[in-house]
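Trainee: I have the structure open and would like to go through it with you. Could we begin with a side-chain contact and then work outwards?
Mentor: Certainly.

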Amino acid sequence: MKKLSICIPTYNRPDSLKDCLDSILISKKNFPNFDLEVCISDNSDNNLAHSIVENFKDSLNIKYKKNEK
């Protein structure tokens, strides 16, 4: 099985992150032969991105990293 990693940097754009994850979830059906992972690097100064990631964690393989600076 092929592995596909999608890496998303984010900074105080929770709506854009949600739209992106929605799009990946929809597109996932078109890539049944891929082991899909989503890597998110969060530089935000709030926890909104983490809340959005929590909503998708059961349907997408997400690696989430909250950066301190």
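Trainee: Which side chains does the polar contact of 2.5 Å join?
Mentor: That contact links the side chains of Asp42 and Tyr64. Please bear in mind that this is a predicted model.

Trainee: Where is Asp42 placed, and is Asp42 buried or exposed?
Mentor: Asp42 belongs to strand 2. Its relative accessibility is 0%, so Asp42 counts as buried.

Trainee: What else does Asp42 touch, leaving out residues up to four places away in sequence?
Mentor: Besides Tyr64, Asp42 touches Thr10, Ala49, His50, Lys65, Lys66 and Asn67.

Trainee: And Asn43, where does that lie?
Mentor: Asn43 is in the loop between strand 2 (34-42) and helix 2 (48-56). Because its relative accessibility is 32%, Asn43 counts as partly exposed.

Trainee: Which side chain makes a polar contact with the side chain of Asn43?
Mentor: That of Asn67, at 2.7 Å. Asn67 is also among the contacts of Asn43 beyond four places in sequence, together with Thr10, Tyr11 and Lys69.

Trainee: What about the other loop, the one with Asn12?
Mentor: Asn12 sits between strand 1 (2-10) and helix 1 (14-27). Its phi is near 50°, a positive value in a residue other than glycine. At 28% relative accessibility, Asn12 is partly exposed.

Trainee: Stepping back, in what order do the elements run from the N terminus?
Mentor: The order is β-α-β-α-β, with two helices and three strands in the chain.

Trainee: Now the interior. Which residues touch the most other members of the largest nonpolar core?
Mentor: Leu17, Leu21 and Ile40 do, in a core of 13 residues. Helix 1, strand 2 and helix 2 each give two or more residues to this core, and the largest share, four residues, comes from helix 2.

Trainee: What is Ile40 in contact with, neighbours within four places aside?
Mentor: Ile40 contacts Leu17 and Leu21, and also Ile8, Thr10, Val53, Ile62, Lys63, Tyr64 and Lys65.

Trainee: Back to helix 2: which of its residues are buried?
Mentor: The buried residues there are Ala49, Ile52, Val53 and Phe56. They lie on the same side of helix 2, because they cover an arc of only 100° around the axis.

Trainee: Why would residues three or four places apart point the same way in an α-helix?
Mentor: Because an α-helix has 3.6 residues a turn.

Trainee: What do the buried residues of helix 2 pack against?
Mentor: They pack against strand 1, helix 1, strand 2 and strand 3 (62-66).

Trainee: How many aromatic pairs does the structure hold?
Mentor: One. The rings of Phe31 and Phe34 have centres 5.5 Å apart and planes at 85°, so the pair is edge-to-face. Phe31 is partly exposed at 39% relative accessible area, and Phe34 is partly exposed at 28%.

Trainee: Last topic, the overall dimensions. What radius of gyration does the chain have?
Mentor: The chain has 12 Å, which agrees with the value near 11 Å for a compact globule of 69 residues. Along the principal axes, its C-alpha atoms fill a box of roughly 35 × 20 × 15 Å.

Trainee: And what share of the residues counts as buried?
Mentor: Of the 69 residues, 26% do. Among contacts with a separation of 6 or more, 70% come from residues 24 or more positions apart.

Technical notes:
Residues numbered from 1 in each chain as written. Predicted model: local features only at pLDDT ≥ 70, side-chain atom pairs only at ≥ 80, totals over all residues. Heavy atoms only, no water. Buried < 20%, exposed > 50% of the residue type's maximum accessible area, 1.4 Å probe, protein only. Contact = heavy atoms within 4.5 Å. Polar contact = N/O pair within 3.5 Å; in protein donor to acceptor, adjacent residues only side chain to side chain. Phe/Tyr/Trp six-rings, centres within 6.5 Å; stacked < 30°, edge-to-face > 60°. Core = buried A, V, L, I, M, F, W, Y, C linked by side-chain atoms within 4.5 Å. Arc of directions from axis to C-beta. Rg over C-alpha atoms; globule rule 2.2 N^0.38 Å.
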